[in-house]
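Colleague: I'm new to reading protein models. Could you walk me through this one?

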Amino acid sequence: MKGFNIGAQEEVLVANVDGVFYAVGNVCPHRAAGLAQGKLHGPEVTCPWHEWKFDVRTGEGITNPHSSIKRYEIILEDEKLLIRA
Ligand code: FES
């Protein structure tokens, strides 16, 4: 997985889960850590600061179901990954 800036203020995390790419917000909704610095196990990304977990396929919070991250649409075009903001 890797974090990218898109536009002026959005940070996106792109994760490869068994060959399928997913894109979600890179900023943890708890205290704003960069999720790209965390760990990815299967579809679950674990925040590096307080270990909240999120499902990168859906953006849903696993540790806290009331706290999710934005999910972005990914488009594969001419071997490029495009993210629809
Ligand atoms: S900043 Fe992510 S769990 Fe606290």
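Here is a short chat about its strands, its overall shape and its cores.

Modeller: A quick note before we start: this is a predicted model, where local features need pLDDT of at least 70, side-chain atom pairs count only at pLDDT 80 or more, and totals for chains, interfaces and linings use all residues. Residues are numbered from 1 along each chain as its sequence is written, and side-chain values use heavy atoms, with hydrogens and water left out.

Colleague: How many helices and strands does the chain have?

Modeller: Helices (H or I, at least four residues) and strands (E, at least two) are DSSP runs, numbered from the N terminus. Here we get zero helices and eight strands.

Colleague: Why is the chain called as compact as a globular protein of that length?

Modeller: The radius of gyration is taken over C-alpha atoms, and the globule rule is 2.2 Å times the number of residues to the power 0.38. The chain's radius is 12 Å, close to the 12 Å the rule gives for 85 residues, so it counts as that compact.

Colleague: Which residues have the most contacts inside the largest nonpolar core?

Modeller: A nonpolar core is a set of buried (under 20% relative accessible area, 1.4 Å probe, protein chains only) Ala, Val, Leu, Ile, Met, Phe, Trp, Tyr and Cys residues joined through side-chain atoms within 4.5 Å. This one has 15 residues, with Leu13, Cys28, Leu35, Val45, Phe54 and Val56 having the most contacts inside it. Its largest share, three residues, comes from E2. Apart from it lies another core of five residues, including Ile6 and Tyr72.

Colleague: And how much of the chain is buried?

Modeller: Of its 85 residues, 33% count as buried.

Note on methods:
Buried < 20%, exposed > 50% of the residue type's maximum accessible area, 1.4 Å probe, protein only.
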